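The following exercises train the reading of a protein model. Please study the sequence and the structure before attempting each task.

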Amino acid sequence: MKTRVYTVRHLEAAGPAIDECAAILRRGGLVAFPTETVYGLGADALNPRAVRAIFAAKGRPSDNPLIVHFADAEGAFSVADHVSATARTLAKAFWPGPLTLVLPRASHVPHELTGGLETVAVRVPDHPVALALLRAFGGGVAAPSANASGRPSPTRAEHVLEDLAGRIDAVLDGGETGVGVESTVVDARGAVPVILRFGGVPPEAIAAVAGGVECATDGAKEAEGGRPRSPGQKYRHYAPRAPLYIVKGRPDEVQRALTRLMRPGNAFLLSAETAAAIGLGPDDSRCYVLGPRTDLDAIAKRLYDGLRSLDRTRPVAIYAEELGGAGLGRALADRLERAAEGRVIEAARWLAEAEPAGKGSACSDA
Ligand code: TXA
Ligand code: MG
């Protein structure tokens, strides 16, 4: 199959492209489109065959349910069996926007979509191209991130094509996405919202609106009737092909460790401050500079592009500075940790092993 690319630079001129993509969705085809978070791989949510095609194109495990996207809250709530006051409050505060609500599913929702769960995840994205497509289609569009399963999510159309060219019908290229990390997934069935995946809406903002919030983001452990509450959390995710290591510790120790790791084949994902401190300039192909350390918005926007860009240089390994902090920092820390799959270097301890007291430093690198 040849994947058609529809480039949208000005929404006013995009009518024909949007209509063609809506027609592809109606026929049961797959269309990748930009949202404010990452690109999604869309299909008609109520067409089981189309939904199965999403899983096949991505190589996604069939028990990992999909988010259904709608142009407005009324549409989103039409696939729920009932809508709690919590859900209405959150929808009012954050839609359109990077928040996904998990609700009891209505009986007409195909089980292919929900991975057999009795709940359905819905959201209204805040992106003009996504909203135009959803309006033109006129129904719910199931859309996971438009990457091959396990890979970093796409924040540009080129990322989508890197993973899925020849496997999907079309890509609507609306340029780089805004937030850069996925939506926050919240179980909104009860009085207190439960965060199942950190994302674009910070926990603090949810708590402020809902009067409280709980976290159950370790989907692998958080079981409900023997099943994880957010099945996606148990799978390998966001990972580049090269092994990724997070280097943790005091800034001076992290910088010393990184300096020692500057060997041929190694690549680095760093804040502007750390890159400057160890003498890696923005033009150095070994290093991808995410942005100023305190500018979490900028870092979120560039994180997945950074992982993919470094990967294209085929490094032996990628070393990343620890990300975190309040707000969006929770989502950043979560994504980086999952991408690293437990590979963490404690700078102080690593240096002590690499540079035993009184010894030279030439021969004991780990
Ligand atoms: O920002 C986003 O959310 C992007 C854009 C395209 O909207 N989509 C996205 O989809 O990240 P995906 O499939 O990559 O991640 C969806 C997450 C998974 O962790 C999945 O397990 C969880 O949402 N999820 C979906 N339905 C669920 C349900 N009924 N109950 C619990 N978790 C659910
Ligand atoms: Mg995903």
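**Exercise 1.** Which residues does leucine 269 touch, not counting residues up to four places away in sequence?

*Solution.* A note on conventions comes first. The model is predicted: local features need pLDDT of at least 70, side-chain atom pairs count only at pLDDT 80 or more, and totals for chains, interfaces and linings use all residues. Residues are numbered from 1 along each chain as its sequence is written, chains are lettered from A and ligands numbered from 1 in the order in which they are written, and side-chain values use heavy atoms, with hydrogens and water left out.

Step 1. Locate the residue: leucine 269 belongs to strand β15, residues 266-270. Helices (H or I, at least four residues) and strands (E, at least two) are DSSP runs, numbered from the N terminus.

Step 2. List the contacts, where contact means heavy atoms within 4.5 Å. Leucine 269 touches Tyr288, Leu290, Leu303, Gly306, Leu307, Leu310, Ile318, Tyr319, Ala320, Glu321 and Leu336, when residues up to four places away in sequence are not counted.

Step 3. Consider accessibility. Buried means under 20% relative accessible area, exposed over 50%, and partly exposed in between (1.4 Å probe, protein chains only). Leucine 269 is buried because its relative accessible area is 1%.

**Exercise 2.** State where leucine 280 is found and decide whether it is buried or exposed.

*Solution.* Step 1. Leucine 280 is in the loop between α10 (272-277) and β16 (287-289).

Step 2. Its relative accessibility is 3%, so leucine 280 counts as buried.

Step 3. Beyond its neighbours within four places in sequence, leucine 280 is in contact with Met262, Phe268, Leu270, Ala275, Arg286 and Cys287. Phenylalanine 268 is 12 residues from leucine 280 along the chain, and their C-alpha atoms are separated by 9.1 Å.

**Exercise 3.** Describe the polar contacts of threonine 35.

*Solution.* Step 1. Threonine 35 is placed in the loop between β2 (31-34) and β3. It is buried because its relative accessible area is 2%.

Step 2. A polar contact is a pair of N or O atoms within 3.5 Å; within protein, one must be able to donate a hydrogen and the other to accept it, and residues adjacent in sequence count only if both atoms are side-chain atoms. One such contact, of 2.8 Å, joins the side chains of threonine 35 and threonine 37. In addition, the side chain of threonine 35 reaches the backbone oxygen of valine 38 at 2.7 Å.

Step 3. Leaving aside neighbours within four places in sequence, the contacts of threonine 35 are Gly40, Arg123, Pro125, His127, Ala130 and Thr177.

**Exercise 4.** Which residues come nearest to ligand 1?

*Solution.* Step 1. A residue is near a molecule or strand if one of its heavy atoms lies within 4 Å of it. There are 27 residues around ligand 1, and Thr37, Asn64, His69, Ser183 and Gly232 come nearest.

Step 2. Examine the polar side-chain atoms.

- Asparagine 64 has one 2.7 Å from an oxygen atom of ligand 1.
- Histidine 69 has one 2.6 Å from an oxygen atom of ligand 1.
- Arginine 123 has one 2.9 Å from an oxygen atom of ligand 1.

**Exercise 5.** Identify the unusual backbone angles.

*Solution.* Step 1. Most residues other than glycine have a negative phi, and most peptide bonds are trans.

Step 2. Tryptophan 95 and proline 96 are joined by a cis peptide bond, with omega about -10°. Proline 96 is in the loop between α4 (85-94) and β5 (99-104).

Step 3. Arginine 314, a residue other than glycine, has a positive phi near 50°. This arginine 314 lies in the loop between α11 (296-312) and β17 (317-321), and it is exposed because its relative accessible area is 69%.

Step 4. Glutamate 341 is not a glycine, yet its phi is positive, about 50°. Its place is the loop between α12 (329-340) and β18 (344-346). Its relative accessibility is 37%, so glutamate 341 counts as partly exposed.

**Exercise 6.** Give the location and contacts of arginine 151.

*Solution.* Step 1. Arginine 151 is in the loop between β7 (141-142) and α7 (157-164). It counts as buried because its relative accessibility is 9%.

Step 2. Apart from neighbours within four places in sequence, arginine 151 is in contact with Glu162, Asp163, Tyr238, Ala239, Pro240, Arg241, Arg308 and Asp311.
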